[in-house]
Each structure stands twice: as C-alpha cells, then as structure tokens.
Amino acid sequence: MNSPITQFCQSLTIPCGFTDAESEVYTNAAMTDILGMTVGSSQVLDVFHEHEEVMRDKKLPLSLLSTLPGGYKKPPQPLRFDFFPRFDEKNVYEGAYFYVQPLLFLSLLEYIEGESPYPVVLSQPNDMFTDREWDVLFLSLQRLSCKEIAKWLDIAVKTAEVHLSNIYSKADVHHANQLRLFCQEKVINRYLPPKFLPSGSHVISV
C-alpha cells in the first residue's frame, strides 16, 4: 500500500496508523512496536472495532485509555489512543486515523492554579516514603480526607492518620498546602501508584 496516508504515517515519528473501510489496519514502525508488546496491547484495536460503528455514525473521535506494560522491570504505562473517522468527498466512511500519546493529567484545581498538563509517573520517584505512604500521599494530593483515604485503602482511619503524620514529618511540613508545595517543588506530585490504574483499555470519549 503506497497511498498518501501511508506515506504520511511513515513520515511521522509519533506512533500512528489508520484503518480502511474493511477494518484492515496499517501502522508505522513506532505504533507497531507498541501494539506488538503483548496480547493486551493488541486488544486496543479490538476495543476500537467494538465502538467503530458508533464513531462512524456520530462522526466523532474515539478516545481510549490503555494501561500497557512498560517492558522488563519497567512500570506499566498509561497511554491515550485517539481515533478519528475519515470520510471521502461523498461523505462515505473510509476508516480511521489514529495515534497514541502518554496520558497527560491536569486536575481542575491545577488548571485554576495555572499548571500545565503533565505525564503521570508510575515508578516511585525516590525512597523517601514507604509503599503505603506513597499511596496515602497520592490520595491526599487529590484532596481526600483521612476518612476517604482509609476507605480507598481499606484501612482504619487511625492508620491513615498515622501514615499522613509520618509523611508530614518526613517532608517537614505542617499542613496540606505546605505538603502540596513540597511535592510540586520536588516534582513528586506526578506519581500515580499503578494499583489505582484500571487494567486493559477503556473508552473515555466518543
């Protein structure tokens, strides 16, 4: 296949590809590497095909969030796949163009505070905290109370309070705002414990 869209995909360094009206798939080398990692990786296209009819009929992009393996001794990687339907001059569906990028995160409060979207990190930035303390820290940075943190982690509220107190002590801070500033300065606020990520591929918009 040597169509303009094939040449376009081959010229790009980002992982991308396209499908035709018969659901045949073409990918450039970067996308082939991603989809070929595991069976779970290849299932991204299965999820796309399950929702292709809706995307085609609505003429809207389809976005998927997939948590894919990162490789030997590497943490899993959350990736966002975006599919865009293609139509010819007679408005006949020709397939979809798609590409992938790291999942960028930005909470509403961070947006209000003037932050820019950033990729999440799935490996612990350092050994400053224990595994459980990293879990508590992440949930605390999402503005959850100790009661809510305890519910998320299935632990006693008192246990959550002890973990949070230890975090404050190690960071040498005294309240939540100081803790958030500390994490921003140390660039450890981007860490997302992998246990909180959903497995597989999930539709996030269409």
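**A sheet, two helices and two pockets**

Guide: In this predicted model, six strands make up an open sheet, ordered E2-E1-E5-E4-E3-E8, with antiparallel pairing.

Visitor: Which strands are the edge strands, pairing on one side only?

Guide: Follow the order E2-E1-E5-E4-E3-E8 from one end to the other. The strands that pair on one side only sit at its ends, and they are E2 (25-27) and E8 (200-205).

Visitor: And by how much are neighbouring strands turned against each other on average?

Guide: Here you ignore strand direction and take the average over neighbours in this sheet. That gives 25°.

Visitor: Which helix packs on the sheet and touches E1, E2, E4 and E5?

Guide: Look for a helix whose direction makes about 160° with that of E1. Helix H3 (residues 39-58) isn't the one, as it lies across E1, E2, E3, E4, E5 and E8 and runs at about 165° to E3. The helix you want covers residues 4-11, and it's H1.

Visitor: How many bridges join E4 and E5?

Guide: E4 also pairs with E3 (residues 62-68), antiparallel, over seven bridges, so don't mix those in. With E5 (residues 93-102) the sense is antiparallel too, and Leu79 stands opposite Pro102 there. The E4 and E5 count is nine bridges.

Visitor: In the hairpin of E4 and E5, which residue takes a positive phi?

Guide: Check the five residues between the two strands. One of them has phi near 70°, and that's Asn91.

Visitor: What is the bridge partner of Phe18 in E5?

Guide: E1 (residues 16-19) pairs with E5 in the antiparallel sense over four bridges. Within E5, Phe18 is matched with Tyr97.

Visitor: On to the pockets. Which helix gives the largest share of the lining of the largest pocket?

Guide: That pocket has a volume of about 280 Å³ and 14 lining residues, with Ser107, Glu110, Leu141, Arg143 and Arg180 nearest its centre. Helices H4 (108-112) and H8 (176-185) each supply at least two residues of the lining. The largest share is four residues, and it comes from H8.

Visitor: How many nonpolar residues are in the lining of the second largest pocket?

Guide: This one has a volume of about 210 Å³, and Phe105, Phe138, Gln142, Leu192 and Phe196 lie nearest its centre. In the largest pocket, the lining splits into five nonpolar, five polar and four charged residues. The second largest pocket has 13 lining residues; two are polar and one is charged, and the nonpolar count is 10.

Key. Residues numbered from 1 in each chain as written. Predicted model: local features only at pLDDT ≥ 70, side-chain atom pairs only at ≥ 80, totals over all residues. Heavy atoms only, no water. 1 Å grid on protein atoms, 1.4 Å probe; cavity = no way out; pocket = protein on both sides within 12 Å on 5 of 7 lines; lining within 4 Å. Points joined across faces, edges and corners; volume = space filled by probe spheres on them. Nonpolar A, V, L, I, M, F, W, Y, C, P; charged D, E, K, R; others polar. Axes fitted to C-alpha atoms, helices over the stretch in contact; angles between N-to-C directions. Contact = heavy atoms within 4.5 Å.
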